[in-house]
Amino acid sequence: MSDLASRVSAFLGALLRVPPTEGAPARGTAARGPTNAAGQALPEYAESDRPPVPLTEVHHPDGRMSRYPPPERWDDWVEWDAKAWPRKVARRYTLVPTICFNCESACGLLAYVDKQTLEVRKFEGNPAHPGSRGRNCAKGPATHNQTYDPERILYPLRRVGERGSGQWKRVTWDEALDDIGARMRASRQQRRDGIVYHVGRPGEDHYVNRCITAWGVDGHNSHTNVCSAAARVGYALWGGSDRPSPDYAHARTILLISSHLETGHYFNPHAQRIIEGKQSGAKLIVLDPRLSNTASRADVWLPTWPGSEPYVLLAVARHLIVRRTYDREFVRRWVNWQQLLAEAPAVPGMPALPVGEGTFEDFERCLEVLYGEFTFERAAAEAQVPVERIEAMAAAVEDAGSRLSAHNWRAASIGNRGGWQVARCLVLLNVLTGSVGTRGGTSLSDWNKIVPKPYKQPPPIEAWNELHLPHEWPLAHFEMSFLLPHFLLEGRGTVDVYFTRVYNPLWTNPDGFMWLQALRDEQKIGLHVALTPTWNETAWLADYVLPMGHAGERHDLMSQETHAGQWIGFRQPVRRVAMERAGQRVEFTHEANPGQVWEEAELWVELSGRMDPDGALGIRQWFESPSRPGQLVSQDEYWAWIFERSVPGLPEAAAAEGLTPLAYMRKYGCFEVRREVYAPYEAPVDAAGAEVDAAGRVRVGGKAVGVMVDGQARVGFETPSRKLELFSGTLAQWGWNERDYVIPWPLPSHVSPAHVDRSKGEMILLPNFRLPTLIHTRSANAKWLYELSHRNPVWMHPEDAARIGVRSGELVTVQTEIGRFTDAVWVTEGIKPGIIAMSHHLGRWRLQEGAGGSPGTSALAELSEDDAGGHQLRIVQGGTAWKTFDPDTSRIWWKDVGVHQNLTHAVHPDPVSGAHCWLQKALDVRRAAAGERHGDVFVDTQRSMEVYREWLSLCRSAVDHSPDGTRRPLWLKRPLKPVPSAYALPRNPFGRAPGGHADDEGTRRSDEREGEQS
Ligand code: SF4
């Protein structure tokens, strides 16, 4: 212990040893020995059985955080038992690194496993982790709450009553696996689209996708279209990769359109680098109608009216264009300006463009014509912000040059119809400043991520699931997952086996009562298996509930774009690793986890083995050991193969320490593959034997691998032109061929001023921001997190509060398109007038006392329904204390656990990106009427279907607009890409009269096109 710490300890110890005042005996037990300030006896603990071990100071040469145990001491670390304080009782730990499972940042954690009891005493940061560098947000250490959650699901359960009746029976893993495996086998024998794996945040990088591919079904369904898909479309159309990776720490200007990215969810690794950038003098600009934590630290905060962001961004672009302060050389080399000059004049809605001879100077003149109308004054009027702030923003962007770090995450992109254009307009600023992939600039996520290959990979799927990517949304970036109930109800198909994996769509998605109806219907969803650590509203409607592991209870591999480097992290079941370090043999991870909590990685191997016990379906082979023929692969075998052969530099680093690559990863939990990655698109291509086509693309075997730039073959970007696509030929070819789509341009939002009549009291409900301490259902039972944040009042500007006549704490009822809810108000200037805001995450409920959720973090509710689609949810009991082995559960002091607003949100599928547009038009916001209570929710699901159909009618189907008989551009990513022949348009598209679509022709064309794609 340091001198200072020793002195502080001695001082406090002396203070607490002051005896009670004479004549004033302590309350409770007679005070002997140490007491607290009130003279009460402190709890007694056993004396230490061994002398204290000195703590070790940690100094990292690169300035990383100190005072962490150095890795060479991790196997036998000693700390005083905090509960024995002020006495020094030593505890010995083995420290096992793992990866946080609470968001996709994949920060490193260190589990302190008590060597005597093998209990996990705490989780702290892993200083060896290159992304998080020992730091975490509140959700990382709260993994301990999740591990020891008194309400967690510990054993496999099977439903015994009607679905949703809350009657369960404990079963063995064998019983569950045999039954589920047989149901999967039966489905797979019939069809290739009957099994669905619906994932929330994956928290891993390839393992389950490989399993689904091995099953031979088009079964991947994600949550991404209620999350980040709209922004991803904007990035993908520009550069192929679908997320940005800003180099904040070295930026001169940081520009954020993000409702929560840097405020804690997600990417704490980004937050810490933004602070570093600011400390080095970077300016921070934030566009957000709400004063978020990040906005409160901004040099320039622009509380933009939702949907107006493109006007602001294009005004800054115009500023650079007319002043010729953009990076002309970068634009000349890397933008597909020749394609714009060639194709734009024929685009409907384009002004007359001075394309001239087609030179770069002609293109520059066209840029001025195209964006000349976006003045600062116009942007200020659209965004309803002072023009000076836009001028200040423009000056900071201009000043940044190639050091502009920019990010768009959720926020305006996922809020508005046409939000994908917000991301495109933002990227335009990176392109104009030449800050793409530069030091202090903005890279693409793929450059800062590495996904290693396993020992063998099953071939692509030969199927297309119409429930996931139907013909109406050919450009949807991810599956139309939030519409599954609507699709099922209108008869588009059925599901045989439906896995919800650490995901709660009934509660998280919009229009949750539609999910309630679908999940109840056994004709539509044959078998529902919920893989979850905690009870949730969706699991309540499962046939099996299978207990899944948290961050310290599973194997996974993760890599994330936290900065301009590349690293890989290894999640581990920490108690299992500790047991193995102690010489105990563990066959399956559920032997080491609490109860019979299992990890997915092992579960999928065993389940796949039972799905295809004799190998007749061709599935079992992918789950067999690479070294023990006929036996199922073990986790050690699987990861050892990857670490030995598929992570560059890891075998050498391990050998230098005398370790195997697997032992290295078990010891450190991570590996830095590359410290810096900048501008990989400039890398030369070996053009020997390659062909160069008319568009300058370098082809090998018909496949584009690069592009000629100034006579040199360069790698370029993963787009059809291999350049950054200011002009999107893809949109032009697939039915979105007007000016407003093919180039970065503002699109009218569904909540633009033309659609919201404030004179009638209409407002915008902004529901898509997060509290940095919570993360949907995943954090639901984390007591420390819920003590910090447990309510989600309606943020309202004082002007609106005065108009409505409410004060903070009073109730309002908000009327949406499909229903209404009642919540308390928080009056604050932190939200723009005309907008109300309400956080995600809160408003958990359960229908039964004693099951289905924790009493401290969910409300007991009553649900009543009528025959006309009416659903009424009413809170019977808010949060309350209850008795368990954990004394903290009897100390719950709050009652308000939030209001479940998402139930009242109509679905808004964007016709291009397919993303749900989260912003809701509040038709009325008024004082709650007599009889209306906090937490009341009413929804009319008949109205839900009407709104769904209104948005469906905005689509431009591949059936009408496909340029080549395929249903989707082959070059666009999909989480699991099927074979090219699966891209042929369906023979009988849903909703169309039966008629032949050229399956054969489409198949032939898509096979040909495969060879053309990069
Ligand atoms: S940001 Fe927080 S929740 Fe996300 S991985 Fe890091 S510690 Fe976990």
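## A first pair of residues

Let's start with one pairing: Val96 has Ala111, in strand β3, as its bridge partner. The model is a predicted one, in which local features need pLDDT of at least 70 and side-chain atom pairs count only at pLDDT 80 or more, while totals for chains, interfaces and linings use all residues. Residues are numbered from 1 along each chain as its sequence is written, and side-chain values use heavy atoms, leaving out hydrogens and water.

The strand β2 (residues 90–99) is largely enclosed by the rest of the structure, because 8 of its 10 residues are buried (under 20% relative accessible area with a 1.4 Å probe, protein chains only; over 50% is exposed, and in between is partly exposed). On one hand, β2 runs antiparallel to β3 (residues 108–114), with 7 bridges between them; two strands pair if DSSP finds at least two bridges between them. On the other, strand β1 (residues 77–80) is joined to β2 by 4 bridges, again antiparallel, and here Trp80 is matched with Ala90.

## The chain as a whole

Stepping back, the chain holds 30 helices and 35 strands (DSSP runs numbered from the N terminus: H or I of at least four residues for helices, E of at least two for strands). Its C-alpha trace spans about 100 × 75 × 65 Å along the principal axes. The radius of gyration is 29 Å, which agrees with the value near 31 Å for a compact globule of 1014 residues (taken over C-alpha atoms, the rule being 2.2 Å times the number of residues to the power 0.38).

Of the 1014 residues, 61% are buried. Among contacts with a separation of 6 or more, 71% link residues 24 or more positions apart (a contact means heavy atoms within 4.5 Å). The chain exposes about 35,900 Å², and carbon and sulfur atoms supply 50% of that area (Shrake-Rupley method, 1.4 Å probe).

## An open parallel sheet

Four strands line up as β12-β11-β10-β13 in an open sheet with parallel pairing. The edges are β12 (300–302) and β13 (404–409); each has a single partner strand, so one side of each lacks a neighbour in the sheet. From one strand to the next, the twist averages 10°. Inside this sheet, 6 bridges join β10 (residues 253–258) to β13 in the parallel sense, and Ile257 stands opposite Asn408 of β13.

Helix α13 (residues 387–400) packs on this sheet and touches β10, β11 (283–287), β12 and β13, its direction making about 125° with that of β12 (axes are lines fitted to C-alpha atoms, for helices over the stretch in contact, and angles between N-to-C directions run from 0 to 180 degrees).

## Strand β28 and its partners

Now to β28 (residues 819–827), which pairs with β26 (residues 794–796) in the parallel sense over 3 bridges; there, Met796 is partnered with Val827. With β27 (residues 811–815), the pairing is antiparallel over 5 bridges, and these two strands form a hairpin with 3 residues between them. Antiparallel pairing over 3 bridges also links β28 to β35 (residues 937–940).

Phe821 of β28 stands opposite Val814, and its bridge partner in β35 is Val937.

## Cysteines without bonds

The whole structure has 0 disulfides (pairs of cysteine sulfur atoms within 2.5 Å). For Cys425, the nearest cysteine sulfur is that of Cys917, 16 Å away. The sulfur of Cys917 has its closest cysteine sulfur in Cys955, at 11 Å, which is too far for a bond. Cys425 is buried, at 0% relative accessibility, and Cys917 is buried too, at 2%.
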